[in-house]
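This report looks at how charged side chains pair and where nonpolar side chains gather. The sequence and the structure come first.

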Amino acid sequence: MDKQNETRRVMVTLSDHAIAKLDQLVAEKQRELTKNPELAKYNLRVNKSNILEAWLSNQ
């Protein structure tokens, strides 16, 4: 199973509470990116899939 399919599978199985926490983490990480002038110039975006893929690759 590739990363994208695994990420979709995990997203479908998450509870509403877990999704809300993930949304909160995305917002926090995005704020960190925009506050850092070195990273802000690249216009990076964080989303739930990015975070889940990173988490799954560390498992």
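Lys 41 and Glu 38 are joined by a salt bridge, in which the closest N and O atoms lie 3.6 Å apart. The model in which this pair appears is a predicted one. Both partners count as exposed because each passes the cut-off of over 50% relative accessible area: Lys 41 has a relative accessible area of 55%, and Glu 38 has one of 53%.

How many salt bridges does a search of the whole structure find? The search finds three, and the table sets out each pair with its N to O distance and the relative accessible area of both partners.

| Salt bridge | N to O distance | Relative accessible area |
|---|---|---|
| Lys 41 and Glu 38 | 3.6 Å | Lys 41 55%, Glu 38 53% |
| Asp 23 and Lys 48 | 3.2 Å | Asp 23 37%, Lys 48 26% |
| Lys 29 and Glu 32 | 3.8 Å | Lys 29 33%, Glu 32 41% |

As general background, side chains of opposite charge can pair when their charged atoms come close.

In the salt bridge between Asp 23 and Lys 48, the closest N and O atoms are 3.2 Å apart. This pair links distant parts of the chain, since Asp 23 belongs to helix H2 and Lys 48 to helix H4, with their positions 25 residues apart in the count. Asp 23 is partly exposed, at a relative accessible area of 37%, and Lys 48 is also partly exposed, at 26%.

The salt bridge of Lys 29 with Glu 32, at 3.8 Å from N to O, lies within helix H2, where the two residues are three apart and therefore separated by about one helical turn. Lys 29 is partly exposed, with a relative accessible area of 33%, while Glu 32 counts as partly exposed at 41% relative accessibility.

From the charged pairs the account turns to the nonpolar residues. The largest nonpolar core has seven residues, namely Val 10, Leu 22, Val 26, Leu 33, Val 46, Ile 51 and Leu 52. At least two residues of this core come from helix H2 (16–35), and at least two from helix H4 (48–57); H2 gives the most, with three residues. In soluble globular proteins, nonpolar side chains tend to be buried together.

Which residues does Leu 52, a member of this core, touch when residues up to four places away in sequence are not counted? Leu 52 is in contact with Thr 7, Val 10, Met 11, Leu 14 and Leu 22, and of these contacts, Val 10 and Leu 22 are themselves listed in the core.

Technical notes
Residues are numbered from 1 along each chain as its sequence is written. This is a predicted model: local features need pLDDT of at least 70, side-chain atom pairs count only at pLDDT 80 or more; totals for chains, interfaces and linings use all residues. Side-chain values use heavy atoms; hydrogens and water are left out. A nonpolar core is a set of buried Ala, Val, Leu, Ile, Met, Phe, Trp, Tyr and Cys residues joined through side-chain atoms within 4.5 Å. Buried means under 20% relative accessible area, exposed over 50%, partly exposed in between (1.4 Å probe, protein chains only). Helices (H or I, at least four residues) and strands (E, at least two) are DSSP runs, numbered from the N terminus. Contact means heavy atoms within 4.5 Å. A salt bridge is a side-chain nitrogen of Lys or Arg within 4 Å of a carboxyl oxygen of Asp or Glu.
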